[in-house]
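Thank you all for coming. I would like to take a few minutes to walk through one model with you, going slowly enough that you can follow along on the screen.

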Amino acid sequence: MNAARHGWWSGLAGVTIFGFTLPATRLAVGSLDPMLVGLGRAVVAAIPAATLLILTRQPRPRPDQWKRLFIVVSGVLVGFPVLIAWAMQRVDASHGGVVLGILPLATACAAFFRAAESPSPRFWIWSGAGSATVLAFALSEAGGKATPADAALLAAVACAAIAYAEGGRLSRELGGWQVMCWTLVLGFPLLIGPTAFLAFRHGLHATPAAWAGFAWLALGSSFLGMFAWYHGLALGGVAKVGQLQLLQPFFTFLFAMVFLGERFGWQPIACAALVAAFIALGRSETHGVTPKRPSQSPDSEPVSRSKQSSQASSPSRPSG
């Protein structure tokens with residue numbers, strides 16, 4: 001199996017794992033506190049992440065890179081998981097899957113702003129169409145009124161998009177899965193205290209299904225899924241493997257039916273398909289966009305760091 005095909009399958013594995021995130025969250029919050037679920041999953045995932053970094057002898061990030069990693073921690077370890085855990089107590093996983101389907105567009109927009117790029121007007125048209133489709137679906141499901149759960153899901157999208165954009169920039173210096181592991185390691189001392197407090201306050205009495213959902217979030221979504229996803233991007237390329245993210249809502253629908261028994265009509269599937277089409281069209285309009293070249297600063301040292309990292313680990317950093 002060549003590298004490109006291996007990268008495609010690795011990326012598909014990552015997207016499949018991510019597709020179970022919302023159903024697993026809904027299982028976990030059935031009898032566990034949503035804040036405990038949102039923060040505790042990263043605390044548990046930090047253990048295998050630290051082990052992997054030690055075994056592969058990864059060089060530590062520089063002080064300026066630690067500061068940027070904190071942005072990733074705030075988005076993907078705090079904001080996103082806590083907000084979706086809270087929302088999954090109030091809406092079905094299939095509903096959340098449609099709203100989160102806009103995440104690739106939001107990530108692209110955040111990356112453009114962060115990299116000072118100038119996307120074409122057509123890109124913004126397709127982005128606006130995708131956003132309007134998701135908002136229209138959310139409003140129609142709630143009888144024409146915006147709900148707090150939808151607001152939480154949209155806020156989760158914003159948190160993840162900003163963190164993904166910053167993590168993507170850091171991956172050019174540290175490597176893809178290395179960014180994921182260092183993010184978990186940095187988040188551990190910040191989250192262990194609140195997690196212990198929440199566990200003491202709310203207790204750890206939960207159903208087996210809730211613990212199974214939590215275990216998947218910690219070891220699957222927060223660790224194995226990220227590893228497979230970044231590894232796939234590195235081998236297959238961001239442009240090709242990244243398109244697999246359009247399949248994530250449909251995996252969420254499937255898992256919601258199988259594990260939660262959710263029943264829904266054609267509207268969520270049609271909406272997700274429409275949003276995926278808008279995202280694909282929007283991405284096709286970004287190929288001609290050229291980012292402004294930033295001035296050289298101590299913040300960027302990709303050559304020496306990447307060489308040092310590649311000598312200590314497998315070649316698994318995104319290629320774009």
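I will begin with the overall fold, then turn to the core, and then spend most of the time on a few helix contacts.

Please keep in mind throughout that what you are looking at is a predicted model. The chain has 14 helices and zero strands, so that what you meet, reading from the N terminus on, is one α element after another. Of its 320 residues, 51% count as buried. If we take the contacts in the chain with a separation of 6 or more, 89% of them are accounted for by residues 24 or more positions apart.

Let me go to the interior. The largest nonpolar core has 81 residues, and the ones with the most contacts inside it are Leu153, Met180 and Leu184. Which helix gives the most to this core? It is helix H8, residues 148–174, which supplies eleven residues. As for Leu153 itself, if we leave aside residues up to four places away in sequence, Leu153 touches Ile84, Ala87, Met88, Val91, His95, Gly96, Val99 and Leu100.

Now to helix H2, residues 21–28, where I would like to stay for a while. H2 is mostly covered, with six of its eight residues buried, and those six are Thr21, Leu22, Pro23, Ala24, Thr25 and Ala28. What do these buried residues pack against? Their partners are helix H1 (3–19), helix H3 (34–55), helix H4 (63–87), helix H5 (93–100), H10 and helix H12 (248–260).

Two of these partners deserve a closer look, and I will take H10 before H5. The axes of H2 and helix H10, which covers residues 208–236, come within 7 Å and cross at roughly 140 degrees. That angle makes H2 oblique to H10, and the crossing in which H2 passes H10 is left-handed. On the H2 side the contact involves Thr21, Ala24, Thr25, Leu27 and Ala28, and these meet Ala209, Ala210, Gly213, Phe214, Trp216, Leu217 and Ser221 in H10. Sorted by class, the residues of this contact divide into eight nonpolar, four polar and no charged.

One residue in that list, Gly213 of helix H10, is worth pausing over. Is Gly213 buried or exposed? Gly213 has a relative accessible area of 1%, and because the cut-off for buried is under 20%, Gly213 counts as buried. Beyond its neighbours up to four places away in sequence, Gly213 touches Ala24, Leu27 and Ala28, residues that we have just seen on the H2 side of the contact. There is also a long-range pairing to point out here: Gly213 and Val37 are 176 residues apart along the chain, and their C-alpha atoms are separated by 9.5 Å.

The other partner is H5, which packs with H2 at an angle of about 140 degrees, with the axes 9 Å apart. H2 and H5 are therefore oblique to each other, while the crossing of these two helices is right-handed. Leu22, Pro23 and Arg26 of H2 make the contact with Ala93, Gly96, Gly97 and Leu100 of H5. By class, this contact of H2 with H5 has four nonpolar, two polar and one charged residues.

Let me move along the chain to another helix pair. Helix H6, residues 103–114, packs with helix H7, residues 121–141, at an angle of about 140 degrees, and their axes are 10 Å apart. H6 is accordingly oblique to H7, and the crossing of the two is left-handed. From H6 the contact takes Leu105, Ala108, Cys109, Phe112 and Phe113, and from H7 it takes Phe123, Trp124, Trp126, Ser127 and Gly130. Those residues divide into eight nonpolar, two polar and no charged.

The last stop is a proline, Pro194, which lies in helix H9, residues 176–202. How should we class it by exposure? With 37% relative accessibility, Pro194 counts as partly exposed. Its C-alpha atom and that of Leu39 are separated by 7.9 Å, although the two residues are 155 residues apart along the chain.

That is where I will stop, and I am happy to go back to any of these helices on the screen.

Conventions
Residues numbered from 1 in each chain as written. Predicted model: local features only at pLDDT ≥ 70, side-chain atom pairs only at ≥ 80, totals over all residues. Heavy atoms only, no water. Core = buried A, V, L, I, M, F, W, Y, C linked by side-chain atoms within 4.5 Å. Buried < 20%, exposed > 50% of the residue type's maximum accessible area, 1.4 Å probe, protein only. Helix = DSSP H or I, 4+ residues; strand = E, 2+ residues; numbered from the N terminus. Contact = heavy atoms within 4.5 Å. Axes fitted to C-alpha atoms, helices over the stretch in contact; angles between N-to-C directions. Parallel < 35°, antiparallel > 145°, perpendicular 65-115°, else oblique. Left-handed = near helix turned anticlockwise from the far one by under 90°. Nonpolar A, V, L, I, M, F, W, Y, C, P; charged D, E, K, R; others polar.
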